[in-house]
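Student: I have a new model on my screen. Could you teach me how to read it, one feature at a time?
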Amino acid sequence: MLSNKLLNSVLLSIMLTATLSAAAGRPQIVAHRGYWKAEGSAQNSIRALVKADSVGADAVELDVWISADSVLYVNHDPDFGGIVIEKSNSKVLDKLRLANGEQLPTLDSYLETAKGLRPDIVLEVKTHSDPLREDLAVAMIIDMIAEKGLTDRTSYITFSRNSFDNLVAMCGRQVQFLSATDPDMLRNIGGTGADYHISAYRANPDWIKRLHDLGLTANIWTVNSPADIQWCIEHDADYITTDEPELAMQLVDKAFAPRRMTIMTYNLRFGELADMDRLSAEIKKYDPDFVAIQEVDVNFDRAAAKLNRGLNYVNELAVRTGLFGYYGRAINVGKGYYGVGILSRYPAEKIEKFELPNPENGEQRVMLAGTFELPGHKFVFASTHFDYLDHNTRKLQAQYVVDRLTHMPYPAVLAGDFNATLGQIYIETIRSRMKDLTNNRKTWPADKPKEKIDFIFAYPPQDFELKSCTVPEPSKKSPSDHLPVISDIIVKF
Ligand code: MG
């Protein structure tokens, strides 16, 4: 048990701030026992700490024991070369040499070096044979971390429930449990996060999401192969604990590098002017990642669409373009549907249809929005087609789509036919919150364009940069009465 004096000094010196907070997308790299594979290094050595810093690791993990004479040492196993740390005095322990020639580091010397370096500290309290000695170790560790000014940069991990409870009681909520525990239970016992072996996460595929929903972080160990590192990136790990920090950083950098994306919006004029081959060729020409399509018939025997009567346009276009196809019904027509669609290079996690405000009971309009799974991150893409008859309806529709898309859990792009032009309140309402990713080229009618009514908008604005925007030359032979808009963008999330 802890003395009151020690406990008070610990409590006074601890700030209740969580070092390991939920990362927005990009996982942090934790060098497991330092970067011990680097030349001249050894596990849990000060050299391994310095090496982790030199390659830019976000944090270092280290293991701590208390000696028989109450000195804290950094080592993974209970013993070093057969000398059990808990049972030995510092006189003996200080003579021990690591594989790289360093003295077995005391926690004091380790933290003295860590103070001047960039990586955060992920400190594992080892499970001692005597719980009372373990209690003392925890108290001394927290005190020393505070003394060195490292409180805000330190998180604690442990397999020991005894140490876990002490850490939770004494250092706010900056404690990750190493023993795989259900997320709800982990929160109930006061953990700030999980630090589990990758096999535990693989066996419980909903745990990372549940941890995040509870406001807890997911740290994963020990992740060394490219396939496992990629798995962690794709499953929203907050921390990747690895013996291969350089490899992990390369893969994370690659997954989160600003990347280009091609977005297209295209009103198909319900297939009146061209068959599915021509329409899909027009789309494929630009090799888009996402396409918002409007005036999309499904299974409707439309007399005006002679070349496409009764077809499912989304399926036809998806097959021809090699993209995934998704559909949002706006209204029933004949024995089929009329609405909007999305073609996507990436699979959807979920698709939602939103009915747009329609106070005058005009033709019902919709927005189809999907959450898509791109490597390393998620993204919302939406397609819509506004009312064109009533001022108040269109105004409400503009406000509605902005409200929806600025409250999505991921960055969002909205593309479509807005039946409105720059300077009109409908477009300006959207532009006041979302970034316009198009140029000023007119889009309608396709043979002699008089207006620009097709747009691509994005939120949050700082996550998107427009590289170029293409609107093809006007033509009497255009496959639709609208010209498509194709934007090449850089996304930074
Ligand atoms: Mg450890």
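Tutor: Start with strand 7, in what is a predicted model. Both of its faces are covered. Thr-154, Tyr-156 and Thr-158 lie on one side, Ser-155 and Ile-157 on the other, and all are buried.

Student: How many residues of strand 7 are buried, and why does that matter for reading its place?

Tutor: Buried means under 20% relative accessible area. In strand 7 (residues 154–158), 5 of the 5 residues are buried, so the rest of the structure largely encloses this strand.

Student: What holds strands side by side in a sheet?

Tutor: Strands of a sheet pair through backbone hydrogen bonds, parallel or antiparallel. Here strand 7 pairs with strand 6 in the parallel sense, over 5 bridges. It also pairs with strand 8 (residues 175–177), again parallel, over 3 bridges.

Student: Which residues stand opposite Tyr-156?

Tutor: Leu-123 has Tyr-156 as its bridge partner. In strand 8, Val-175 stands opposite Tyr-156.

Student: What links strand 6 to strand 7, and with which hand?

Tutor: Helix 5 (residues 131–147) belongs with them: strand 6, helix 5 and strand 7 form a right-handed β-α-β unit.

Student: Now the metal. Which residues coordinate the magnesium ion?

Tutor: Glu-61 (OE), Asp-63 (OD) and Glu-124 (OE) do, at 2.0 to 2.2 Å. Along the chain, the donors follow the spacing E-x1-D-x60-E. Look at where two of them sit: Asp-63 is in strand 2 (residues 59–66) and Glu-124 is in strand 6 (residues 120–125). They are 61 residues apart, so this pair links distant parts of the chain.

Student: Are Asp-63 and Glu-124 buried or exposed?

Tutor: Both Asp-63 and Glu-124 are buried.

Student: Next, another sheet. In what order do its 6 strands run?

Tutor: The order is 14-15-13-12-23-22. The sheet is open, and its pairing is mixed. Strand 14 (324–333) and strand 22 (464–470) are the edge strands, each pairing on one side only. From one strand to the next, the twist averages 20°.

Student: In which sense do strand 12 and strand 23 pair?

Tutor: Strand 12 (residues 259–267) and strand 23 (residues 485–491) pair in the antiparallel sense, over 7 bridges. To find a matching pair, look for Arg-260: Ile-490 in strand 23 stands opposite.

Student: Which helix packs on the sheet?

Tutor: Helix 12 (residues 276–284) does. It touches strand 12, strand 13 (290–298) and strand 15 (336–344). The direction of helix 12 makes about 150° with that of strand 12.

How values were computed: Residues are numbered from 1 along each chain as its sequence is written. This is a predicted model: local features need pLDDT of at least 70, side-chain atom pairs count only at pLDDT 80 or more; totals for chains, interfaces and linings use all residues. Side-chain values use heavy atoms; hydrogens and water are left out. Two strands pair if DSSP finds at least two bridges between them. Helices (H or I, at least four residues) and strands (E, at least two) are DSSP runs, numbered from the N terminus. Axes are lines fitted to C-alpha atoms, for helices over the stretch in contact, and angles run from 0 to 180 degrees between N-to-C directions. Contact means heavy atoms within 4.5 Å. Donors are N, O and S atoms within 2.8 Å of the metal (3.2 Å for Na, K and Ca); water is not among the atoms, so sites may look incomplete. Buried means under 20% relative accessible area, exposed over 50%, partly exposed in between (1.4 Å probe, protein chains only). A crossover is right-handed if, with the strands pointing away from the viewer, the path from the first strand over the helix to the second runs clockwise.
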